[in-house]
Amino acid sequence: MNFDFSDEQKQLRDEARRFLSENCTPKEVRAVLEGKAKYDKAIWKGLADLGLLGIAIPEEFGGAGAGRLELCVVAEELGRALAPIPYSSTVYLASELLMQAGSDAQKKHWLPKIAAGEAIGTLALVEGVGDPTPKSIHASVSGGKLTGKKTLVPEGEIADFAIVVAREKSGDDARGIGLYIVDMKGAGVSATGVETVDPTRNHAEVSFNGAPADPLGAVGEGWATLDKVLDRAAILTAFEQIGGADRALEMGRDYALDRMAFGRPIGSFQAIKHILADMYVAATLARSNAYYGAWALSTDAGELAEAAANARVSATQAYQLCAKNNTQVHGGMGFTWEFDCHLYYRRSNLLALSLGSLTMWENRLVDEMRKRNAAA
């Protein structure tokens, strides 16, 4: 594989970085962190005006009709800036599920609103403790009405609609699982905010009590569709993670060059050099794996699932290492509220669990490698 982004895609990355550097400073991030807003509406509107919310949505549904490689470069910049907006839940998950399984009527209703920044979407998947599996799904639909409870729904308090993973009342295995669109502002829906390590990404526990549910795709094919979309979302999330990892590395490097001790920059000390070198190696390896995922995503390669798991595992490990070590390089100051180290540490841990645990993705990677070896 010999892969790189095109000049046009790199220009898009530069434009996204310029916008975010001007409009998504630590001040905006901290405003959401401190509870002054659930998300930054100005950044959300600005991205919509730039066409970055609908960049992968077909033109017939109000989007730019570009592709998922463009989403990758935007995701990286959102990760660098710690953008406090519902981008991942809306674009990586809800929008992608609509494009994969939605009817023309469903696409015409929701996709133009997403592209214009007028609708926030989410995926309501997790129930209880542990990684989601077909057996863990107990929310059910009967007669077009949804009943059940979902925990840790991303953007659950602010979403306009949710795509809910549920089963037909009579279903007892994965074949009975479907996807359903639910109006989060409609009857039978209540959301309660949940505190997480990173309040810049809203989460909620959502209860459904006879909420009207519109099937998305064929009932019984929901888990298979979800699996494919999770692989795509894992690659996009990996780019968010490498963006954050790179920024944490830059912060640590810059501080090590500026901070003086015993008349020398602390970056000249061997212990600090080794920490920064470990961060660089992890971030570079994660980028390589994320690029492999981007290639697989753009070509719809047969090894997409393996590439997605590989990118997800590598990027999760790199971001957590870089965020932690950035704090260490800053010393005692790195643990204070005033320094921005904790902002990246918070986000690194939140993203590590956003699509299922690291262990879940490690198991997926092993399973995919076994399949490939068995087929060889």
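# Cavity, pockets, core and salt bridges in a predicted model

The count of cavities of 30 Å³ or more comes to one. The structure examined here is a predicted model, and the values discussed below are computed from it.

The largest cavity holds about 40 Å³ of space. Its lining is made up of Val29, Leu33, Leu82, Asp198, Thr200, Leu343, Arg346 and Arg347. By class, these residues divide into four nonpolar, one polar and three charged. Two helices, α2 (26–33) and α10 (341–353), each supply at least two residues of this lining. The largest share, three residues, comes from α10.

Attention may now pass from the cavity to the open pockets. The largest pocket contains about 680 Å³ of space. It is lined by 34 residues, of which Leu152, His203, Leu353, Ser354 and Leu355 are the closest to its centre. Helices α5 (87–101), α7 and α10, together with strands β1 and β3, each give at least two residues to the lining of the largest pocket. That lining comprises 18 nonpolar, 12 polar and four charged residues.

The second largest pocket has a volume of about 300 Å³. Among the 16 residues that line it, those closest to its centre are Cys24, Arg80, Ala81, Arg247 and Tyr344. Two or more lining residues come from each of α1 (7–23), α2, α4 (68–81), α7 and α10. The class composition of the lining of the second largest pocket is nine nonpolar, two polar and five charged residues. Helix α10 thus recurs: it supplies at least two residues to the lining of the largest cavity, at least two to that of the largest pocket, and two or more to that of the second largest pocket.

The nonpolar interior provides the next part of the picture. In soluble globular proteins, nonpolar side chains tend to be buried together. In this model the largest nonpolar core has 127 residues, and Tyr87 and Phe239 are those with the most contacts inside it. Helix α7 (residues 222–258) gives the most to this core, contributing 17 residues. Leaving aside residues up to four places away in sequence, phenylalanine 239 touches Phe5, Cys72, Ala75, Glu76, Ala290, Tyr291 and Ala294.

Charged pairs form a further layer of the description. The salt bridges number 26. One of them links distant parts of the chain: glutamate 127 lies in the loop between β1 (121–124) and β2 (140–142), and lysine 150 lies in strand β3 (residues 145–154), 23 residues apart. The closest N and O atoms of glutamate 127 and lysine 150 are 2.8 Å apart. Are these two partners buried or exposed? Glutamate 127 counts as buried because its relative accessibility is 13%, and lysine 150 counts as buried because its relative accessibility is 0%.

A second salt bridge joins the side chains of arginine 232 and aspartate 300, with an N to O distance of 4.0 Å. Arginine 232 belongs to helix α7 and aspartate 300 to the loop between α8 (270–299) and α9 (304–329), so the pair ties together parts that are 68 residues apart in sequence. The two ends of this bridge differ in exposure: arginine 232 is buried, with a relative accessible area of 12%, whereas aspartate 300 counts as exposed at 54% relative accessibility.

A third example involves neighbours in sequence: the side chains of arginine 253 and aspartate 254 meet in a salt bridge at 2.9 Å, N to O. Both residues count as partly exposed, arginine 253 at 42% relative accessibility and aspartate 254 at 31%. Elsewhere, Arg17, Glu77, Arg80, Arg247 and Glu250 are joined into one network by salt bridges that share partners. Two members of that network, Arg80 and Arg247, are also among the residues closest to the centre of the second largest pocket.

A single proline completes the account. Proline 112 lies in helix α6 (residues 104–115). Proline 112 counts as partly exposed because its relative accessibility is 30%, a value between the limits of under 20% for buried and over 50% for exposed. Apart from residues up to four places away in sequence, proline 112 touches Phe61 and Lys107. Its C-alpha atom is 7.9 Å from that of glycine 54, although the two residues are 58 apart in sequence.

How values were computed:
Residues are numbered from 1 along each chain as its sequence is written. This is a predicted model: local features need pLDDT of at least 70, side-chain atom pairs count only at pLDDT 80 or more; totals for chains, interfaces and linings use all residues. Side-chain values use heavy atoms; hydrogens and water are left out. A nonpolar core is a set of buried Ala, Val, Leu, Ile, Met, Phe, Trp, Tyr and Cys residues joined through side-chain atoms within 4.5 Å. Buried means under 20% relative accessible area, exposed over 50%, partly exposed in between (1.4 Å probe, protein chains only). Helices (H or I, at least four residues) and strands (E, at least two) are DSSP runs, numbered from the N terminus. Contact means heavy atoms within 4.5 Å. On a 1 Å grid over the protein atoms alone, a cavity is a set of points where a 1.4 Å probe fits but cannot get out, and a pocket is an open set with protein on both sides within 12 Å along at least five of seven lines; lining residues have an atom within 4 Å of a point. Grid points are joined across faces, edges and corners, and a volume is the space filled by probe spheres set on the points. Ala, Val, Leu, Ile, Met, Phe, Trp, Tyr, Cys and Pro count as nonpolar, Asp, Glu, Lys and Arg as charged, and the others, Gly among them, as polar.
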